[in-house]
Amino acid sequence: MANTGKPLIRALQGERVRPVPFWLMRQAGRYLPEYRALREKAGGFLDLCYAPELAAEVTLQPIRRYGMDGAILFADILLVPQGMGQKLWFEVGEGPRLTPVRNRQDVEALRPEDVVGKLAPIYEAASRVAKSLPEQTALIGFAGAPWTVATYMVEGSSSREYAKVKEWAFGDPAGFGLVIDRLVEATIAHLNAQIAAGVNAVQIFDTWAGIVPEDAFDRLVIAPTQRIVAGIRKVHPDIPIIGFPRGIGANYPRYFRETGINALNIDSSMDLDVVAKELQPIGVVQGNLDPNVLLAGGVAMDQAVTAILDKLGKGPFVFNLGHGVLPPTPVEHVARLAELIRAHG
Ligand code: CP3
């Protein structure tokens, strides 16, 4: 793979790189005026995702402003269920809506084998970005983890209580296992297609891993991720894989070891001394500034960024947030963040 010189990839492979490489989850999006203008022109969010030229442009917008070490491909985790045939749309100001999958008949209608064909425009966007990025900038592909994607598929939207997905997952483990199986298959194909199109690393977003009870954690979080990692490695043994199981606290070490990922994005709740002592010896850590601190800016942000770099910068480390950039974040705060990271000794 001809990406060995990129600082972010070197860091993800375990090298201590200075200045610390950085990128931000949701770095392309509504906090950028140029994003809002282009989305308006395209019609809506999904129109942007499926127009390779526009998706490539949106991917590059934050790189032009701030020169992050990684560009994350502009797309969404919910394109995978859409590619399997589930109806998806976005209600303005409210978020995603899907016609829910609730029973065996609904699951059997899903077509994981269709995903790579249906999502061809996404791979086209990836290959355009790979060709136009600066030499030192890496392109990151991604997918949602099966559990997180299944919460949206079963609830039919974002949720507060996750009552329906939990009822199914705990009341009918075998039936719910079929949803997970189809997602594992589709996700492996989707990530391998992104890698074939030119992405240099991939991240698996398990935003809702933290709501899974302990006795179901192996079945719903670790095992599906492990299968995806194995399915990628079989085809692309050297591609760095980043896991982001948000909010799993004491289970981070186990997730890191057992899934086989190279790098772990931790959320903002983690104690930095514990991270240095217990997670950095396992592999590369990425994170973990609170997005609300980036939104607030000022002295509090300066101090938080310095603390993260002082405590985690001693090992192989990639600076990121503990979750995505919030839409009201002032663009100057992101500029200040980039300056702090580059200036850190
Ligand atoms: O810059 C990037 O990070 C790349 C693109 C990206 C998006 N979504 C674009 C997006 C990525 C990596 C995602 C991941 C994603 N999508 C997750 C996991 C990470 C996380 O944030 O927890 C989840 C849970 C989704 C599902 C999703 N997509 C929701 C719940 C929503 C609505 C809430 C919201 O933020 O608007 C989306 C919409 C979405 N995905 C937008 C963007 C830029 C906003 C669309 C718009 O209004 O322009």
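The shell of residues around the ligand in this predicted model divides into 14 nonpolar, 5 polar and 4 charged residues. In all, 23 residues surround the ligand, and the closest of them are Arg26, Arg30, Tyr35, Arg39 and His323. To place this shell in the protein as a whole, one can begin with the pocket, for the ligand sits in the largest pocket. Two elements, the helix α2 (33-42) and the strand β3 (95-98), each give two or more residues to the shell around the ligand.

Individual polar pairs can then be picked out. Arginine 26, one of the closest residues, has a backbone N or O atom that lies 2.7 Å from an oxygen atom of the ligand, and a backbone N or O atom of alanine 28 likewise lies 3.1 Å from an oxygen atom of the ligand. With aspartate 76 the pair involves the side chain, since a polar side-chain atom of this residue lies 2.7 Å from a nitrogen atom of the ligand. Taken alone the ligand exposes 870 Å², and the protein buries 88% of that area.

The strand β3, which contributes to the shell, also leads the reader to a neighbouring strand in the fold. Strand β2 (residues 88-91) is joined to β3 by 4 bridges, and the two strands run antiparallel. Within this pairing, phenylalanine 90 has proline 96 in β3 as its bridge partner. The two strands, β2 and β3, form a hairpin with 3 residues between them, and in the turn glycine 93 has a positive phi of about 80 degrees.

Notes: Residues numbered from 1 in each chain as written. Predicted model: local features only at pLDDT ≥ 70, side-chain atom pairs only at ≥ 80, totals over all residues. Heavy atoms only, no water. Near = heavy atom within 4 Å. Polar contact = N/O pair within 3.5 Å; in protein donor to acceptor, adjacent residues only side chain to side chain. Areas by Shrake-Rupley, 256 points an atom, 1.4 Å probe, with all protein chains shown as cover. 1 Å grid on protein atoms, 1.4 Å probe; cavity = no way out; pocket = protein on both sides within 12 Å on 5 of 7 lines; lining within 4 Å. Sits in = over half its atoms within 2 Å of the grid points. Nonpolar A, V, L, I, M, F, W, Y, C, P; charged D, E, K, R; others polar. Pairing = 2+ DSSP bridges.
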